[in-house]
Amino acid sequence: MLNFDPLYHPYPSRRMTVYGRRGMVATSHPLAAQAGLAVLQAGGNAMDAAVATAAALTVVEPTSNGIGSDAFALIWHQGKLHGLNSSGPSANALNIKKVNSMGYQEMPVYGWLPVTVPGAPAAWAAVSKKFGRLPFSKVLAPAIELAEQGHPVAPIAGKYWNRAYQAYQKKLQGNLFEEWFHTFAPHGRPPQPGEIWRSPGHARTLIEIAETQAESFYRGRIAEQIVQHAAATGGFLSIEDLGSYSPEWVDPISIRYRGYDVWEIPPNGQGIVALMALGMLAEDELAGRENDWVLHLSIEAIKKAFQIAKEEVTDARWMRTTKEDLLSSEKLRACRQQIGTEAKQPGIQPDAGGTVYLATADGEGNMVSFIQSNYMGFGSGVVVPGTGISLQNRGHTFSLNEQHINALAPGKRTYHTIIPGFLSKDGEAMGPFGVMGGFMQPQGHLQVLQNVLDFQLNPQAALDAPRWQWVEGNRVQIERNIPAHVAEALSQRGHELQIMNDGGSFGRGQIIWRRADGVLAGATEPRTDGCVAAW
């Protein structure tokens, strides 16, 4: 047997843009991409493929998403872009006073407190019902097979699986978290890259979701299992919380940049951060990627956009200002005028996160930008026994300050980090794009779009290019292959740079562009186990 390390790469490799005509799936795991492509080849459309890929990702990349995740989508169908917000609210039994009484001054990362109603299964069913062509059970069949028969763990997924296990051994103490170890470390350790991992409970849950159009998850047997586990272990989700949930079809928001329309989901998502930053830079001529002034402007624009979002963005029902006001040209022009030649302290700090992103397209012109997430790694650490359902910890982003715009309240959606993106021009679809990774996501959207629209890079080069990430204050992390003279010039402008060897925190993206002749051009992320499956 050959002995090699799947994470050791002493020599640089190169990916090429992938072309196809009849269909394409781009995502962070080869087996999930192939699941989506198989559904396309079985007669499904881009929307069927997106659901199949999303369900498969819960099996093959549980380090970032699961059945207990939230989801958002942008769907291009028959010349129109549709938005889906499938993020869930907090439990109606939960409020700031109750959390404070339990000894917390801020929302914890693990346990039941940060668990919100999962929206992913509802998203799959909603997309399938509104746009799908194949039976829902056939669309979920590849994911069910992966869970039943098992799959060999991919290198990057295995890397983060091991990191989570090492951390959870120290942080997840008590009976509440035993099921996580039983499900995701069944042999007393995490599965290694190339090792087969099976999840029969996961398969059973997916089968029931498939058979009931996800009704069981919210108003049936699975809902009862979730609520019974909550009641037995100090949780707050109720039958009413799950039963009253439904995803929301929304009108996407956009901004004009370099003659193109950039589209995002409206708040409670943070896609508006990327749009505000682009809007601040729309009147600047950005003279090349390897330019400290361009990077400085971009970093400062992101800081300002985040500062505004942290003060204004939450569940739309609680917002004090409108998305139109936040994207007004006057406001964004005024923000741009406040950017000087030196780095400025913004007074806020972003957080971490874990997410999967996928893009699909078919030969009929349909295209999907889809994202789902546990928020931080495996999420809350709470797994419903026998189901494979790892519950997200999205509620961690709630504030316990009653005066804060994103203060915890019963039945409220929190500020959400996951954002699918879409690009169009003159009413024609260019295609879906996205970069996952917590608060890196708007930063990734900005940089990838600059690479495409300002610097005319092909989709693969746009993802390959080295990235920066604003972390807090004036601290900015950069990838090692940003030129040294550019980094030095940024330092002289007051940016506190940290050179990173591991690219994992800089987001993982996917792109599919449709050319004027209908040919699809796809790219995937070199920082993960990414794959473009084309037909």
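Two strands are taken to pair if DSSP finds at least two bridges between them. On this basis, the predicted model contains an open sheet of 7 strands, with antiparallel pairing and the order β1-β20-β19-β15-β14-β9-β8. The edges of the sheet are formed by β1 (18-20) and β8 (253-257), each of which pairs on one side only. On average, neighbouring strands of the sheet are turned by 20 degrees against each other, direction ignored. In general, the strands of a sheet pair through backbone hydrogen bonds, and the arrangement may be parallel or antiparallel.

At the β8 edge, the partner strand is β9 (residues 260-264). The two strands run antiparallel and are joined by 5 bridges. Within this pair, R256 stands opposite D261 in β9. Both strands are also covered by a helix: α12 (residues 271-281) lies across β8 and β9, and runs at about 25 degrees to β8.

A further arrangement concerns two helices, α13 (residues 292-312) and α16 (residues 441-454). The axes of α13 and α16 come within 11 Å and cross at roughly 145 degrees, and the crossing is right-handed. On the α13 side, the contact is made by S298, I302 and F306; on the α16 side, P442, Q443, L446 and Q450 take part. Of the residues in this contact, 4 are nonpolar and 3 are polar, while no charged residue is present.

Note on methods: Residues are numbered from 1 along each chain as its sequence is written. This is a predicted model: local features need pLDDT of at least 70, side-chain atom pairs count only at pLDDT 80 or more; totals for chains, interfaces and linings use all residues. Side-chain values use heavy atoms; hydrogens and water are left out. Helices (H or I, at least four residues) and strands (E, at least two) are DSSP runs, numbered from the N terminus. Axes are lines fitted to C-alpha atoms, for helices over the stretch in contact, and angles run from 0 to 180 degrees between N-to-C directions. Contact means heavy atoms within 4.5 Å. A crossing is left-handed if the near helix is turned anticlockwise from the far one by less than a right angle, and right-handed if clockwise. Ala, Val, Leu, Ile, Met, Phe, Trp, Tyr, Cys and Pro count as nonpolar, Asp, Glu, Lys and Arg as charged, and the others, Gly among them, as polar.
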